[in-house]
Amino acid sequence: MDVTIHHLFDRLLIYFTATEVPNRYRLEGVKVWCVVNRPEYVTFSTPDPEKYPLPNPAYLAIHAACVKVAHLSGATEYIKEVLRRMEDTLVLAEDGGSSEILYTAILSSMHAVSL
């Protein structure tokens with residue numbers, strides 16, 4: 001997956017909607033600028049299904065649902081704020097006040113390692 005697309009996918013700004021064609025998805029975004037000048041459809045393929053399996057359609061559907069709920073509920077603003085604070089924080093608070101930032105950083109690093 002293209003780095004920019006992956007970044008938008010991780011930030012809950014784009015999602016893939018299944019089509020009738022296996023492994024073919026419609027690229028959709030929460031804002032027009034997320035998908036402008038990008039292909040309308042994406043077909044996933046792999047040179048080695050054992051080593052590099054295709055994305056699980058159920059996981060992509062769950063991700064799409066999460067994106068929609070996050071944006072409809074306003075949760076994305078909260079997520080953006082936590083990520084912004086994580087990037088801006090150089091030192092953790094001694095009283096545990098920055099535990100949420102530490103938790104987010106740990107989860108983010110675990111996600112990066114699993115990729």
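**A walk through the chain, with a stop at helix α3**

Let's begin at the surface: the chain exposes about 8400 Å², and carbon and sulfur atoms supply 60% of that area. Keep in mind as we go that this is a predicted model. Of the 115 residues in the chain, 22% are buried. The C-alpha trace spans about 55 × 35 × 25 Å along its principal axes.

Now for the layout. Five helices and three strands make up the secondary structure, and if you follow the sequence you will meet them in the pattern α-β-β-α-β-α-α-α. Look next at contacts between residues at least 6 apart in sequence: 32% of these join residues at least 24 apart. As for charge, the chain has 10 positive and 14 negative charges, and the mean positions of the two sets lie 7 Å apart.

Helix α3 deserves a slower look. It covers residues 57-73, and its 17 residues should span 24 Å at 1.5 Å a residue; the end C-alpha atoms are 24 Å apart, so the expectation and the model agree. Which residues of α3 are buried? They are Leu60, His63, Ala64, Val67 and Ala70. These residues cover an arc of only 130° around the axis, which means that they sit on the same side of α3. Turn to the other side of the helix and you will find Val69, Leu72 and Ser73 exposed.

What do the buried residues of α3 pack against? Their partners are two helices, α1 (3-10) and α4 (75-88), together with two strands, β1 (14-18) and β2 (24-29). With the structure in view, you can trace these contacts from the buried side of α3.

How values were computed: Residues are numbered from 1 along each chain as its sequence is written. This is a predicted model: local features need pLDDT of at least 70, side-chain atom pairs count only at pLDDT 80 or more; totals for chains, interfaces and linings use all residues. Side-chain values use heavy atoms; hydrogens and water are left out. Helices (H or I, at least four residues) and strands (E, at least two) are DSSP runs, numbered from the N terminus. Buried means under 20% relative accessible area, exposed over 50%, partly exposed in between (1.4 Å probe, protein chains only). Contact means heavy atoms within 4.5 Å. Accessible areas come from the Shrake-Rupley method with a 1.4 Å probe; for residues, only the protein chains shown count as cover. Lys and Arg count as positive and Asp and Glu as negative; His and the chain ends are not counted. The place of a charge is taken as NZ of Lys, CZ of Arg, CG of Asp or CD of Glu. The expected span of a helix is 1.5 Å times one less than its number of residues. The arc is that of the directions from the helix axis to the C-beta atoms.
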